Each structure stands twice: as C-alpha cells, then as structure tokens.
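Reader: Got a minute to go through a model with me? Let's start with strand pairing.

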Amino acid sequence: MTLAIVLAADPAAGHLTEPGRPAGEPLTERLAAQWRRAGADDVRIAADLTELADLVAGATGPVLVSGADLVAHTAVLKHLATSPVGPTVALVLTDPPAPGQATVREERGQVVEVGAADASGVFGGALRVGAADLPALADAARRAVGGGPLDAVDRLVADLAARGTLIFAQRVRLLVAHRVGDEAQRVAAESAVAAVDEDRAELKLSVKERDDFFTTFFVSTWSPYVTKAAARIGIGPTGVTMVSVAFAVAAAVLFGVGGRPALVAGAVLLYLGFVLDCVDGQLARYTRHFSAWGGWLDTMADRFKEYVVYAGLGFGATHAGFRYGWALALAAMTLQTVRHMTDTWYGALHDEAARRPKVVSADAGGIGGKLNAASTRVQADTGSVSYWLKRTVVFPIGERWALIAIAAALFGPLVALCAVLVWGTLAFAYTGGLRTLRARWMRVPVLTTVDAALHRDDGLLARTLPTARRPLLLAVLGALGAAGTLVWALLAVHGGGDLPVWVPVLALVLLLGAARASRAPHDGSLDWLVPAALRAAEYLFAIAIGVAGRAPAWLIFGYVLVLTLLHYDLTARLEKRQSAPPLHAATLGWAARSVLLAIGLIAGYASIALATLGAYLLVVFVASVVLAWVVLPARAHGGVRSPG
C-alpha cells in the first residue's frame, strides 16, 4: 500500500489561489488529487511535520511526500511514484533555487549531497521513500519540527541525505514541474503544463535519454511506434521480451543452417529481435509497468539471446568446415561474460565513489583525476564526434548485434565470430586500462559494501579454506593456471596425446589458492577485478577439462552457458542489491564445481562429469527461478501469483 502525504505546513505557495476556488483556499487538494491519479492508495494532507511523522510511523509501504508549492504534470508524480531505480527517490529540477529550497549535487543518478556549493540541481519538493527508510524519514520529520532556513519538505531530504540514506534522483525531462512562490509563478507554471501534450511526451520519454549510436539512429527512430501499438493491443513488457527471445533463437538456427538466404534471414530476425529488446524497456517506461521480475528477466534474456546466437554461429562455422567454430563461440561467450563482470563491479565501485566525494576529489591533478575530468567533459558534450566514439568503441550490445548481423549476412558465421572477438578484445583492453587508472585514483574499497562471498559465487568450500590475503593476486594466479591448463590440453589433444594428471591438479591447486582469499578484505584499489578473474578461471578450467577429456564441443559450450546463467543471476541481484537466490547454496560454488570436474577428468569420465554437473546446475537454476518469482511471492500474498 502506497501512502502519499501533502505537507501543508509551509511554504506560502500552499495558500495560493487556484482559479475557480475561493480566495485564500490552499492548493493542497489539487496535489492530493494528482497523487491519487498517480497511483497512491491513500492520500493525506499533513498540517505540519509532527503529523507527517505520525503518518509515516503507521505506514507499511512506500511513502510519497510533497510540499504544497509544486505545480507539475500528473505524469511527473507518477514517474516518481513508479521509478524503478531505487526505493528512495527525490525529484530534482534544473530551476534556479529560491529561498528555502535545497540545492542538490548528483552523480551517476544518486543524490550525493544536499546544500552543495557545486549543485547540479534543486530539490523538486517531492520524494518517494522506501519502506526500509521510513524510520529515518519519521525521525527526520521530528528533528525538523524546530524549523530552519529551509522549507519543511527540504529539511526532510537534507536530513535523510545527511544520514547516508541512498537517494536516487528523478530528473524531469520534456514534462513540466516547477516550485512556485507567488501567484505570478503559479500562473506561468500552469501555462507551461498546459502547453505540453502529456501522452506524446511520455512516449518520447520511453526512449532512453542517452543510448548507443546504433540504437539511437537505427532503432529508437521508429521503435516508439511499435511501443505505442503494443500498449494499445495490451501486450506487456514480458510478452515482448519472450517474442524477442524467439526471434534470436530463430536467427541462431538460421545461422547454423548456413547458406546465403538463411544467413540474410537470420540477420534480419536478429535486428528485429534487438528492436523488440529495446521495445520491452520502452513499453515498461511508457506504461509504467515495472517489476523486479521484469528487470531480472530482461537481464537474463539479453545474455541468453546473445549466447544462443554465438552457439548458432559456432555450429554454422563448424558445419561450413572450420574445425574450431565452437571454440570461437566459447571464446566469445567467455570474453563477454568476463567483460560484464568487470562492468558490474566497476559500476559498484563508481557508485560508492560517488557517495564519497571527498575521496573522489583527492589527487585531482593525477592521471586518474584528469581521466575522470575528460570523461565527464565528453559525456556532457552529447552529439559530438568524441561523444559517439566513446559510446561506440566500448562495443555495447547494439553494436554487437549489428556487427553480427552484417558480418554473418555478408561473410558468414566464421567472420562474424572473429569480428566479435577482435572488437570485444580491443574494447576490453580500452575500458580495462582506463578503469584501472581511474580506480586507483578513487581508492574506494568497493567490495566492503556488498556481500562479496555471495556475488563471487564462492560456495562452502571456498569459505572453509584458511584465509589468505592479496585476493587479486591469487585470483589472477588461478586464472593463469586455468589458462595454462587449457593451452596444454589443446596442444596435447592436437598432438594425439593425453594431458598429464599433474597439470590439472596444479591448476586446481592455484584455483583453491584463489579461493583462500574468499574472506579476506577486498580493500585494494583493483580488487573489483577479482570476481571477473574468478569467472575467467572457472570457465577456462572447465573448458580445459572438456578438451582434455575429449568431450563434445557443444557439451562444453552448454556447460559454460549454464554457468553464465548462474552468474548473471547473481549480477542482476548485485545491481539491485537483492538477496541471494533461494537455492544458491545448492550450486556448490565455483571452487567445488572445479574440484568435481577435475575428479571426473582423472577418473576418465570428463564428458559424464560435464553433462551430469551441467544438468544438475540447470535444474537447480530453474527451480530457484520458480521459487524466487512464483512460489515465494504467492506465499507472501496468500495465494497463487504469476511473475508477469
């Protein structure tokens, strides 16, 4: 249940006259009506902060709070109420601050400081507070009763920020929202609201403000029409996602079949599948139908679609006579997963740094500080050549799918896979190098803010080994050991021999050495690279076991694909700071899985070990998904409930 509270204590704008109402009647009633249309289940008008604190104390769900001086489209309030970025969100405007209004500074979508001298906006007089932050809101309201230089609602957001509450920023774009202080300002604001077509603006807002080059110019120019059509016929974001998956699977099949007509048809289906991949998010934003399930499904579906396409290309290249088609597909999947792991953990590092401005501002004249300043300038210069080059060189998903479609249609699966690997490697080197320099400059122990053991996928074995320091060094050694084992296995099999037993045993020892750093503090400036190094180590070791045991290439690919599903599940939960999957302990952890595969190789049953463990992990993953998104929500709501 969502409670909305309009605070009428001050400012004087709450007593401005609305046309058609008696002189002196407050405008709080209009805001209350807007909150109801925005989806609030219960709307109250609080006379002062004490009454607001009492209302908040009795609330059980999210609370929406606004002052009485806000003139805005109802859609602005609805966007704030339904924002998917976080539980606690504040409205941020670009208007010049008036007396009593709090200025804010935001970085990476977070309000990192209220009352900042170098402000990037002004508090918009409205915020949504998540259930976990309600005690802090109630306490802030009681503390702010005595008054101060800020208006009442501004004192609330300032107090929450001072407590370290994670507050996300909701910017107003295309729509209108203003805080007014007199009759002239009210009339001007209402005129601005009336001049904007609310539905047309919302459709435009469904498109991301900043997207990549291919998506911006070859998809988003026409995808909003598909979005509006889907909304009219009642298809939800989940339905669009599933159609997108079907298109990608069909494209993968056509890439595997080969032949020019099939390759061209596959390229067209892949493009249309990517369009639908954009439409599902646009539809969610347009209809404001957000859910944790939808966000999770979108993340998982994106990776599954891409890796199924890699499988189709690998099969197609092999079918065309290239011996190592599956090997290239495995390499592309491993590279992309490791890249995503670094993206996720660097993002967590950057978020933590944004909330610690004093740490970030240190050594501003160093190379990291200069890189950070240069990156900020480029990002601000939207539409410039340098801006688009920066967004394109990192090889985002739109560019990957476009490259695959064009290369496969014109040259075939082998060229498509090679192109993905070459560009992906260069992009990884570019982003990795720059991020390493910037991370050393930030000096933020990011892994102390999250459950590292969970998101590293350590498992019971890793957590019970004696603890050792230097987690990054140990993880890199483990990855190098796994890579060396793979190379040795390839040479041995190519030469017709067998892999000596001591080689995988040595690699396993190095892997378990990396596991010993599980409980060590990840407080080094580069320790955000540890999870990605461990992913690389496990994947390379599993591939080496399969190669040495002469397992079918498709079986090795399938096993690693299952591992990526487990790890992307953890990644999606890390990004939303969610708890572990229900059956996470049953996945054993990367260290124990590696031990089981090594035993299978030594016993002469590598293929059976890969197939059995892979099938077991897939069953656990599916069961965990059903429990997390169907069974447990149904129990929480006292009945049967589907995730859609």
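Reader: Which residue in E8 is the bridge partner of Thr 103?
Author: Val 122. This is a predicted model, where local features need pLDDT of at least 70, side-chain atom pairs count only at pLDDT 80 or more, and totals for chains, interfaces and linings use all residues. Residues are numbered from 1 along each chain as its sequence is written, and side-chain values use heavy atoms, without hydrogens and water.

Reader: How many bridges join E6 to E8?
Author: Two, and the strands run antiparallel. Strands pair if DSSP finds at least two bridges between them. Strands (E, at least two residues) and helices (H or I, at least four) are DSSP runs, numbered from the N terminus.

Reader: And E6 with E7?
Author: Antiparallel too, over four bridges. Glu 107 has Gln 110 as its bridge partner in E7. Two residues lie between the strands of this hairpin, and Arg 108 there takes a positive phi near 50°.

Reader: Is E6 mostly covered or uncovered?
Author: Mostly covered. Four of the five residues in E6 (103-107) are buried, meaning under 20% relative accessible area with a 1.4 Å probe, protein chains only.

Reader: Switching topic. Which helix gives the largest share of the lining of the second largest pocket?
Author: H13, with six residues. H13 (325-354), H21 (471-494), H23 (530-548) and H24 (553-575) each supply at least two. Lining residues have an atom within 4 Å of a pocket point; a pocket is an open set on a 1 Å grid where a 1.4 Å probe fits, with protein on both sides within 12 Å along at least five of seven lines.

Reader: What's the mix of nonpolar, polar and charged in that lining?
Author: 15 nonpolar, five polar and two charged. Nonpolar covers Ala, Val, Leu, Ile, Met, Phe, Trp, Tyr, Cys and Pro; charged covers Asp, Glu, Lys and Arg; the others, Gly among them, are polar.

Terms used
Buried means under 20% relative accessible area, exposed over 50%, partly exposed in between (1.4 Å probe, protein chains only).
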